[in-house]
Amino acid sequence: MGRRLRGFAGYASFDASEAEKGAEHLLKPSNRTEANLLEQLDMNRLPRHVAIIMDGNGRWAERRHLPRIAGHRAGVKTAREVIESSARLGIEALTLYAFSMENWRRPHTEVDFLMRLLREYLRKELPVIHKNNIRLIVIGRGGQLPPTVRRDLDEAMKLTSGNTGMKLVVALNYGGRAEIVDAVNAILEERRKAAEPEGPIAEQEISDHLHTAGLPDPDLLVRTSGELRVSNFLLWQIAYAEIYVTETLWPDFHRASLLEALIEYQRRERRYGGLSPGRKTSKSHSQAVS
Ligand code: FPP
């Protein structure tokens, strides 16, 4: 029988001292829908690592006849809710795709706004993140970010580096292909310096040189707003991830949406290219490939 959350009433603020009592005490539903969804969730089979492509801020704003930046502001609120809910559930790592290498192609004013929003988010939320034992990790080519943003991020990572709770990974100026290229170049450089004999590069060696080294690969990749693309996100790491796409636009992806994604993940059968237990005698290749 799986561990399930039960018997909650009301919504309590996130308090680090609660964390020590165990996850059962942490996530309190704020309405009946959330309570019903929590009942369905098996706390023993949560994904270790959830990665999210937060998409649809612009469309959310357009539908309300608001400027795109209003969508990004609403997106930050959702990010806060999803971060808090994931930490309360006891998820080990949450990766959010906040700014891709391709996002520089957006109008200068929008890029500027996103960078300011990120700094504002850090200024407001870092104390809460730190208090709740969350460790902030930033992945991507940080060298190309504005110096003020880099400085704030470096300080935030340093402050939270000893935290042992959820790892909050924020992908900024991130591109999956660039990350793999950087990893391979780093391996070649290390070998050159060590004057090591040439040899084939192993998969583990590449994993160990990615920005996500040390993190489990994502078990679940969520994409909001309905696009069926991975958009150069964690290309190496999502090799076996379950992909969950929802039509919900990111600002509307509230806690219930996260719980729905987790429940759907638990319905899936992960085979990693093998056979399901009931089909172990099958010889069919097509059945064996996930
Ligand atoms: C996609 O919407 C979202 C982004 C470009 C990333 C910005 C994300 C946030 C502001 C959330 C905050 C995150 C953190 C970690 C504080 P879009 O503009 O691509 O939407 P569209 O496809 O509808 O135009």
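Two residues are in contact if their C-beta atoms, placed from the backbone, lie within 7 Å of each other. The structure is a predicted model, in which local features need pLDDT of at least 70 and side-chain atom pairs count only at pLDDT 80 or more, while totals for chains, interfaces and linings use all residues. Residues are numbered from 1 along each chain as its sequence is written.

**Exercise 1. The protein as a whole**

Task: State how many helices and strands the protein has, what percentage of its residues count as buried, and what share of the contacts with a separation of 6 or more comes from residues 24 or more positions apart.

Solution: Begin with the elements, which are DSSP runs numbered from the N terminus, helices being H or I with at least four residues and strands being E with at least two; the protein has 10 helices and six strands. Next apply the burial rule, by which a residue is buried if 20 or more other C-beta atoms lie within 10 Å of its own, exposed if 12 or fewer, and partly exposed in between, with C-beta atoms placed from the backbone; 35% of the 290 residues count as buried. Finally, among contacts with a separation of 6 or more, 74% are made by residues 24 or more positions apart.

**Exercise 2. The sheet**

Task: Work out in which order the six strands form the sheet, and which strands lie at its edges.

Solution: Two strands pair if DSSP finds at least two bridges between them. In general, strands of a sheet pair through backbone hydrogen bonds, either parallel or antiparallel. Here the sheet is open, with the order E3-E4-E2-E1-E5-E6 and parallel pairing. Strands E3 and E6 (242–245) are the edge strands, since each pairs on one side only. Neighbouring strands are turned against each other by 20 degrees on average, direction ignored.

Then follow the pairings of strand E1 (residues 49–53), which has five bridges to E2 and four to E5. Ala 51 has Thr 95 as its bridge partner in E2, and Ile 52 has Val 222 in E5. Both faces of E1 are covered, with His 49, Ala 51 and Ile 53 buried on one side and Val 50 and Ile 52 buried on the other.

At the E6 edge, four bridges join E6 to strand E5 (residues 220–223), and Arg 223 stands opposite Val 245. Helix H9 (residues 255–267) lies across E5 and E6 and runs at about 140 degrees to E6, where axes are lines fitted to C-alpha atoms, for helices over the stretch in contact, and angles run from 0 to 180 degrees between N-to-C directions.

**Exercise 3. Strand E3 and the loop that follows**

Task: Describe how the residues of E3 point, and decide whether Gly 142 is buried, exposed or partly exposed.

Solution: From E3 (135–139), Arg 135, Ile 137 and Ile 139 point one way and Leu 136 and Val 138 the other, and all are buried. Five bridges join E3 to strand E4 (residues 167–174), the two running parallel, and Arg 135 stands opposite Lys 167.

Now move to the loop between E3 and helix H6 (147–160), where Gly 142 is found. Gly 142 is partly exposed because 16 other C-beta atoms lie within 10 Å. Leaving aside neighbours within four places in sequence, Gly 142 is in contact with Arg 150, Leu 153 and Asn 173; Asn 173 is 31 residues away in sequence, yet 6.7 Å away in space, C-alpha to C-alpha. Pro 146 has its place in the loop between E3 and H6 too, and is partly exposed, with 14 other C-beta atoms within 10 Å.

**Exercise 4. Positive phi values between E5 and E6**

Task: Determine whether Ser 225 and Leu 234 are buried or exposed, and give the phi of Ser 225 and of Leu 234.

Solution: Ser 225 is found in the loop between E5 and E6, and so is Leu 234. Ser 225 counts as buried because it has 21 C-beta neighbours inside 10 Å, and Leu 234 counts as buried with 26. Phi is near 75 degrees for Ser 225, a positive value in a residue other than glycine, and near 45 degrees for Leu 234, again a positive value in a residue other than glycine.
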